[in-house]
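Subject: Structure handover

Hello,

Please find the structure below. My notes come after it.

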Amino acid sequence: YGAILIQCFVRCRNSRNEMRRLRCRANDLDLVASERDVLRIEAGRIRRELEEIQRQQQTDAERNEVLLAKVRAEHKEDRQRTLTFTELETDAKQRKVEADNEMKLVKEEAIR
């Protein structure tokens, strides 16, 4: 009968030790689960921020394309105006040279 009591005592002590170990393990698992939940929430927040940044970048890229198209169109108009102005200047200089040549001819004929 004493041997049975000793075996029960040993088994009881072993069971208590195993219960303590299992409680510690359960507490560790609870902490891991809590950290996992926090990380999931943070990952969702970061994902939403990233999506917002990507939307903003897309909007900025579209806006920049529109502005670039406007600048190119204005540059083309300015270049055309410059070419037209240069042509007018050249024409005016050529007419002046022609008028000067005519005046020289008229003067030469008047001298004769």
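Here is what I found, from the overall form down to the salt bridges.

One caution before the details: this is a predicted model.

Overall form

The protein has one helix and zero strands. Its radius of gyration is 47 Å, while the globule rule gives 13 Å for 112 residues, so the protein is more spread out than a compact globule. The C-alpha trace spans about 160 × 15 × 10 Å along its principal axes. Helix α1 covers residues 2–111.

Two pairs show how sequence distance turns into distance in space. Arg63 and Glu18 are 45 residues apart in sequence, and their C-alpha atoms are 66 Å apart. Ala73 and Arg20 are 53 residues apart along the chain, with 79 Å between their C-alpha atoms. Ala73 sits in helix α1. So does Arg20.

Surface

How much of the protein is buried? Of the 112 residues, 1% count as buried. The exposed area is about 10900 Å², and carbon and sulfur atoms supply 57% of that area.

Ile6, Phe9 and Val10 make a nonpolar surface patch of about 290 Å². Ile6 belongs to helix α1. Its relative accessibility is 56%, so Ile6 counts as exposed, the cut-off being over 50%.

Ala73 is partly exposed, with a relative accessible area of 37%.

Charge

The protein carries 25 positive and 23 negative side chains. The centres of the two sets lie 15 Å apart.

There is also a patch of positive charge on the surface. Arg13, Arg16, Arg20 and Arg23 gather there. Arg20 has a relative accessible area of 46% and is therefore partly exposed.

Salt bridges

How many salt bridges are there? The count comes to nine. Three of them are described here, followed by a network.

- Asp37 and Arg36: the side chains meet in a salt bridge, at 3.1 Å from N to O. Asp37 is partly exposed, at 36% relative accessible area. Arg36 is partly exposed too, at 40%.

- Arg55 and Glu52: the N to O distance of this salt bridge is 2.9 Å. The two residues are three apart in helix α1, so about one helical turn separates them. Arg55 counts as partly exposed, at 47% relative accessibility. Glu52 is partly exposed as well, at 41%.

- Arg63 and Asp60: their side chains form a salt bridge of 3.0 Å, N to O. Why does about one helical turn separate Arg63 and Asp60? Because they are three residues apart in helix α1. Arg63 is partly exposed, with a relative accessible area of 45%. Asp60 is partly exposed, with 27%.

Then the network. Glu42, Arg45 and Glu49 are joined into one by salt bridges that share partners.

In short

For your first look at the model, start with the single helix, since the secondary structure comes to one helix and zero strands. Then go to the nonpolar patch of Ile6, Phe9 and Val10. Next comes the positive patch of Arg13, Arg16, Arg20 and Arg23. Finish with the network of Glu42, Arg45 and Glu49.

Best regards

Definitions and conventions
Residues numbered from 1 in each chain as written. Predicted model: local features only at pLDDT ≥ 70, side-chain atom pairs only at ≥ 80, totals over all residues. Heavy atoms only, no water. Helix = DSSP H or I, 4+ residues; strand = E, 2+ residues; numbered from the N terminus. Rg over C-alpha atoms; globule rule 2.2 N^0.38 Å. Buried < 20%, exposed > 50% of the residue type's maximum accessible area, 1.4 Å probe, protein only. Areas by Shrake-Rupley, 256 points an atom, 1.4 Å probe, with all protein chains shown as cover. Lys, Arg positive; Asp, Glu negative; His and termini not counted. Charge placed at Lys NZ, Arg CZ, Asp CG, Glu CD. Patch = residues over 30% accessible without salt bridge, like charges linked within 9 Å, V, L, I, M, F, W, Y side chains within 5 Å. Salt bridge = Lys/Arg side-chain N within 4 Å of Asp/Glu carboxyl O.
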